[in-house]
There are 2 protein chains.
Amino acid sequence: MAAENLSKGGRRREQILSAAVELFGEVGYRGTSLRDIAQRVGITHPGLLYHFHSKQELLSAVLARRDETDEANFRFDDQPTARAHAERLLELADHNSTTPGIIELFATLSAESTDPEHPAHDYFSRRYRRVIDLFQGLFDRLGEEGELRDGVDTTELGLIFTALMDGLQVQWLYEPEQVDVAGVLRRFFNGYLREPLGV
Amino acid sequence: MAAENLSKGGRRREQILSAAVELFGEVGYRGTSLRDIAQRVGITHPGLLYHFHSKQELLSAVLARRDETDEANFRFDDQPTARAHAERLLELADHNSTTPGIIELFATLSAESTDPEHPAHDYFSRRYRRVIDLFQGLFDRLGEEGELRDGVDTTELGLIFTALMDGLQVQWLYEPEQVDVAGVLRRFFNGYLREPLGV
């Protein structure tokens with residue numbers, strides 16, 4: 001929903017969510033307090049509590065928002081060919097490199113949430129499984145449609161491609177000018193194909 | 001230096017460093033207080049301050065300790081052949097998977113420290129540069145010594161291998177039973193070689 005169509009309360013909620021994404025990404029979930037978030041929005045602590053009753057509720061809302069976006073993004077397996085599916089996913093990776101705040105959020109939260117006690121632990125466990133399966137399915141389908149070079153073993157490619165994306169994003173956060181995440185992913189991906197994808 | 005050869009003060013210092021490694025890994029540098037660390041060691045807050053005057057000083061000591069270990073680990077380029085060098089580095093990766101505390105420390109701190117204001121930011125910037133250069137140099141040397149398959153482009157392999165290690169380690173922290181970091185790295189690495197490395 002575009003911000004201009006929201007009620008005043010809805011807009012305030014959006015501002016709080018945006019500030020939470022920024023702060024969770026910058027200093028982690030555990031390093032952020034509700035007071036920090038209220039301060040960034042420019043409202044009082046009780047004003048924030050009117051919209052979200054706890055930090056955990058706010059985290060759930062941030063992650064649910066990502067799930068909505070992911071639903072739209074991941075639902076690409078209705079593409080007619082594996083090549084078309086691959087194109088869409090790599091375009092998505094290109095697009096992600098324009099949203100450093102979200103990348104920082106995921107890099108920080110996913111590392112922090114390896115602790116089984118962390119409130120986002122189950123979310124990230126499920127998400128990893130899902131992203132790995134998505135890419136594994138894509139490589140398998142590319143194989144079935146005869147797109148892979150001879151001798152490519154797809155067994156671990158879902159795991160590998162997911163790990164590569166994560167690791168490159170962290171490197172990019174350190175050296176945004178020097179690490180071309182989308183370019184490296186595209187060249188890496190094309191290394192497995194008989195014919196490279198179009199640009 | 002082995003713990004039994006240390007003075008009482010030296011042993012206490014070691015206990016504090018170990019507790020800091022654990023807590024920085026579990027909840028991040030920003031999520032940890034000196035009081036938390038003192039509590040884990042079983043000493044008072046002033047007792048801890050006698051050994052380390054600030055959290056930042058303790059972080060520096062933790063990272064300096066890692067640098068000593070790395071110095072020993074990374075100084076493998078005196079190996080007679082690129083294959084021998086590769087063997088040693090992959091053994092090191094195998095060994096790392098037996099030290100989950102250190103892996104958790106690096107996964108959490110490296111994500112948290114992408115913020116340029118974080119006291120470990122410069123440390124991780126330098127470390128990434130160094131690890132990437134190390135692997136890039138290894139792949140280049142493997143090429144010069146005729147060990148790589150035809151058509152392998154080494155240009156980005158240092159970056160890629162480093163990213164893959166990082167990403168796999170995070171996945172492993174979520175699913176330690178299911179992600180075989182050292183095995184995946186070894187098979188990935190061997191995929192570029194004419195003849196696989198010995199086990």
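UniProt positions are given in the numbering used here, and such annotations may be inferred rather than shown by experiment. With that in mind I opened the record beside the model, which is a predicted one, and noted that UniProt places a "DNA-binding region", from an unreviewed entry, at residues 33–52 of chain A.

**Entry 1: the annotated spans**

I looked up the backbone of residues 33–52 of chain A and found a span that is 75% helix and 0% strand, with its end C-alpha atoms 13 Å apart. I then turned to the other annotation, "domain: HTH tetR-type", which the unreviewed UniProt entry assigns to residues 10–70 of chain A. Over residues 10–70 of chain A I read 80% helix and 0% strand, and a separation of 22 Å between the end C-alpha atoms.

**Entry 2: the chain and its domains**

For chain A as a whole I counted nine helices and zero strands, so that I wrote the order of elements from the N terminus as α-α-α-α-α-α-α-α-α. Along its principal axes I noted that the C-alpha trace of chain A spans about 60 × 35 × 35 Å.

The domain assignment splits chain A into domain 1 (1–62) and domain 2 (76–199). I recorded that eleven residues from domain 1 of chain A and twelve residues from domain 2 of chain A take part in the contact. The C-alpha centres of these two domains of chain A lie 29 Å apart.

**Entry 3: the two copies**

I asked myself what rotation and what shift along its axis superpose chain B on chain A. The superposition gave 180 degrees with 0.0 Å of shift, at an RMSD of 0.0 Å, and I noted this as the relation of a two-fold axis. I also checked the interface, where 100% of the interface residues of chain B are interface residues in chain A too, and therefore the copies meet through the same surface.

**Entry 4: the largest pocket**

I next searched for pockets and put the volume of the largest pocket at about 1,000 Å³. Its lining holds 28 residues, and I marked V152(A), G191(A), Y192(A), G191(B) and Y192(B) as those nearest the centre. The elements that give two or more residues to this lining are helix 8 (157–174) and helix 9 (181–190) of chain A, together with helix 8 (157–174) and helix 9 (181–190) of chain B. Helix 9 of chain A gives the most, with four residues. Sorting the lining of the largest pocket by class, I obtained eleven nonpolar, seven polar and ten charged residues.

**Entry 5: the second largest pocket**

For the second largest pocket I noted about 270 Å³ of space. Its lining comprises 14 residues, and those nearest the centre are V21(A), R65(A), R66(A), T69(A) and I102(A). At least two lining residues each come from helix 1 (8–27), helix 4 (55–74) and helix 5 (82–96) of chain A, and I found that helix 4 of chain A gives the most, with five residues. By class I listed five nonpolar, six polar and three charged residues in the lining of the second largest pocket.

Where does the second largest pocket lie with respect to domain 1 and domain 2 of chain A? I concluded that the second largest pocket lies between them, because domain 1 (1–62) and domain 2 (76–199) of chain A both give residues to its lining.

Methods. Residues are numbered from 1 along each chain as its sequence is written. Chains are lettered from A and ligands numbered from 1 in the order in which they are written. This is a predicted model: local features need pLDDT of at least 70, side-chain atom pairs count only at pLDDT 80 or more; totals for chains, interfaces and linings use all residues. Side-chain values use heavy atoms; hydrogens and water are left out. Copies are superposed by least squares on the C-alpha atoms of residues with pLDDT of at least 70 in both. Contact means heavy atoms within 4.5 Å. On a 1 Å grid over the protein atoms alone, a cavity is a set of points where a 1.4 Å probe fits but cannot get out, and a pocket is an open set with protein on both sides within 12 Å along at least five of seven lines; lining residues have an atom within 4 Å of a point. Grid points are joined across faces, edges and corners, and a volume is the space filled by probe spheres set on the points. Ala, Val, Leu, Ile, Met, Phe, Trp, Tyr, Cys and Pro count as nonpolar, Asp, Glu, Lys and Arg as charged, and the others, Gly among them, as polar. Domain bounds come from an automatic or database domain assignment.
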